[in-house]
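Thanks for coming. I have one structure to go through today, so let me put it on the screen.

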Amino acid sequence: MQLADMDRLEMNEWLAGIDPAAYRAAQVFRWIGRGAACFDDMTDLPRELRARLASRAAVGIPEVVGRLCSARDGTVKYVLKTADGNVVESVLMEYRHGFSVCVSSQAGCRMGCAFCASRPQGFARSLSPGEMFGQVAAVSRREKKSVGHVVVMGIGEPFDNYDGTLKFVRLLHEHEETNIGYRKVTISTSGILPGILRLSEEGLPIGLSVSLHASNDAVRERLMPVNRKYSIDKLLEGCKIYTDRTKRRVTFEYALIAGVNDAPGDARELARRLRHMLCHVNLIPVNRTEDSGFRPSPKERVRRFAELLSGGGVQTTVRRELGSDIAAACGQLRNTVVTQ
Ligand code: SAH
């Protein structure tokens with residue numbers, strides 16, 4: 001285990017075996033919360049203790065290796081490298097209510113969605129809780145900004161890394177420097193039903209977002225292989241259980257792709273399926289990626305789709321796209337494995 005993966009209790013136990021002073025654990029935990037990348041950043045620890053810690057464990061906060069700033073909207077994309085050389089991306093966005101960080105949950109992704117830039121990159125491994133926490137802490141440290149919201153919507157499928165993601169969310173809450181409550185966190189899934197059911201049993205008010213992108217199985221299967229395992233009906237049943245248990249609404253993400261899923265008939269079918277659910281639909285004209293060949297639906301088509309959904313009784317918004325000029329928008333993040 002790396003230090004950043006430890007919660008407060010684990011840190012206490014681990015440090016008790018190294019230094020008898022009880023306050024050391026609090027000090028180290030605070031440095032992790034502040035996003036210290038290495039032991040030498042922990043300036044209030046004696047040099048000798050820093051060396052001893054370094055000989056036993058790694059800090060586990062990914063190192064910032066790149067930073068790209070959008071000229072259009074102030075969105076900042078961070079490229080970070082884990083201790084074993086995997087590269088992931090995180091995005092800092094500014095909204096009216098404050099700053100949000102979009103976090104990657106895996107180096108690469110196994111889901112293979114046709115429209116997503118991380119697909120051709122393959123899959124390396126899941127990120128540890130500390131590596132996820134480290135993205136938030138490192139970005140916040142570099143920007144000198146306090147982060148109010150976290151969305152697990154970067155590279156990877158969080159429910160393919162369920163335990164890691166949940167512990168990450170607990171760390172966000174437990175570290176005083178971030179102090180981000182469960183309500184301020186949203187997890188986005190491509191539709192892994194068991195993950196949705198497990199989350200609904202946690203008793204935590206974490207937000208859930210589901211990437212739907214189609215109103216029937218034929219289209220969804222073409223876009224998202226996960227649909228072969230969990231059909232739309234099964235998925236929506238799971239979402240219903242989530243909303244019943246948590247009393248929280250689900251957000252459905254729907255990327256509008258010209259000529260694929262944006263016909264008025266698709267909107268009507270979707271409205272029929274979602275009408276009675278506690279939910280909200282986020283429409284996003286699909287972002288171009290290098291290899292998908294998909295084009296975003298024209299403005300007029302998006303407007304019509306939104307109108308039909310709202311008219312059919314489903315709350316709908318069209319998402320403001322942030323960071324598309326620096327490939328930081330939805331589906332434009334990709335991991336690269338750095339070979340040294
Ligand atoms: N695997 C999770 C987390 C990724 S979140 C999930 O699928 O939900 C990233 C969001 O961006 C998802 O809703 C995804 O479907 C969406 N997305 C991927 N590629 C996109 C693209 N080219 N244009 C718009 N949205 C895209």
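How do the residues of the shell around the ligand divide into nonpolar, polar and charged? There are seven nonpolar residues, ten polar ones and two charged ones in that shell. Before going on, please keep in mind that this is a predicted model.

Staying with the ligand, 19 residues surround it, and those that come nearest are Phe 115, Ser 188, Ser 211, His 213 and Asn 287. His 213 also makes a polar contact: an N or O atom in its side chain is 2.5 Å from an oxygen atom of the ligand. For Thr 189 the backbone is involved, with a polar atom there lying 3.4 Å from a ligand oxygen. On the nitrogen side, a ligand nitrogen atom has a polar side-chain atom of Glu 157 at 3.1 Å.

How much of the ligand does the protein bury? Taken alone, the ligand exposes 530 Å², and 95% of that is buried by the protein. As for secondary structure, strand 8 (185–189) and strand 10 (250–256) are the elements that give two or more residues to the shell.

Next, the second largest pocket. The space in it comes to about 170 Å³. Its lining has 14 residues, and nearest the centre lie Ile 61, Glu 63, Lys 81, Thr 82 and Ala 83. By class, that lining holds six nonpolar, five polar and three charged residues.

Last, the chain as a whole. The protein chain has ten helices and twelve strands. Its radius of gyration is 21 Å, close to the 20 Å given by the globule rule for 340 residues, so the chain is as compact as a globular protein of that length. Along the principal axes, the C-alpha atoms fill a box of roughly 70 × 40 × 35 Å.

That is what I have; questions are welcome.

Terms used
Residues are numbered from 1 along each chain as its sequence is written. This is a predicted model: local features need pLDDT of at least 70, side-chain atom pairs count only at pLDDT 80 or more; totals for chains, interfaces and linings use all residues. Side-chain values use heavy atoms; hydrogens and water are left out. A residue is near a molecule or strand if one of its heavy atoms lies within 4 Å of it. A polar contact is a pair of N or O atoms within 3.5 Å; within protein, one must be able to donate a hydrogen and the other to accept it, and residues adjacent in sequence count only if both atoms are side-chain atoms. Accessible areas come from the Shrake-Rupley method with a 1.4 Å probe; for residues, only the protein chains shown count as cover. Helices (H or I, at least four residues) and strands (E, at least two) are DSSP runs, numbered from the N terminus. Ala, Val, Leu, Ile, Met, Phe, Trp, Tyr, Cys and Pro count as nonpolar, Asp, Glu, Lys and Arg as charged, and the others, Gly among them, as polar. On a 1 Å grid over the protein atoms alone, a cavity is a set of points where a 1.4 Å probe fits but cannot get out, and a pocket is an open set with protein on both sides within 12 Å along at least five of seven lines; lining residues have an atom within 4 Å of a point. Grid points are joined across faces, edges and corners, and a volume is the space filled by probe spheres set on the points. The radius of gyration is taken over C-alpha atoms; the globule rule is 2.2 Å times the number of residues to the power 0.38.
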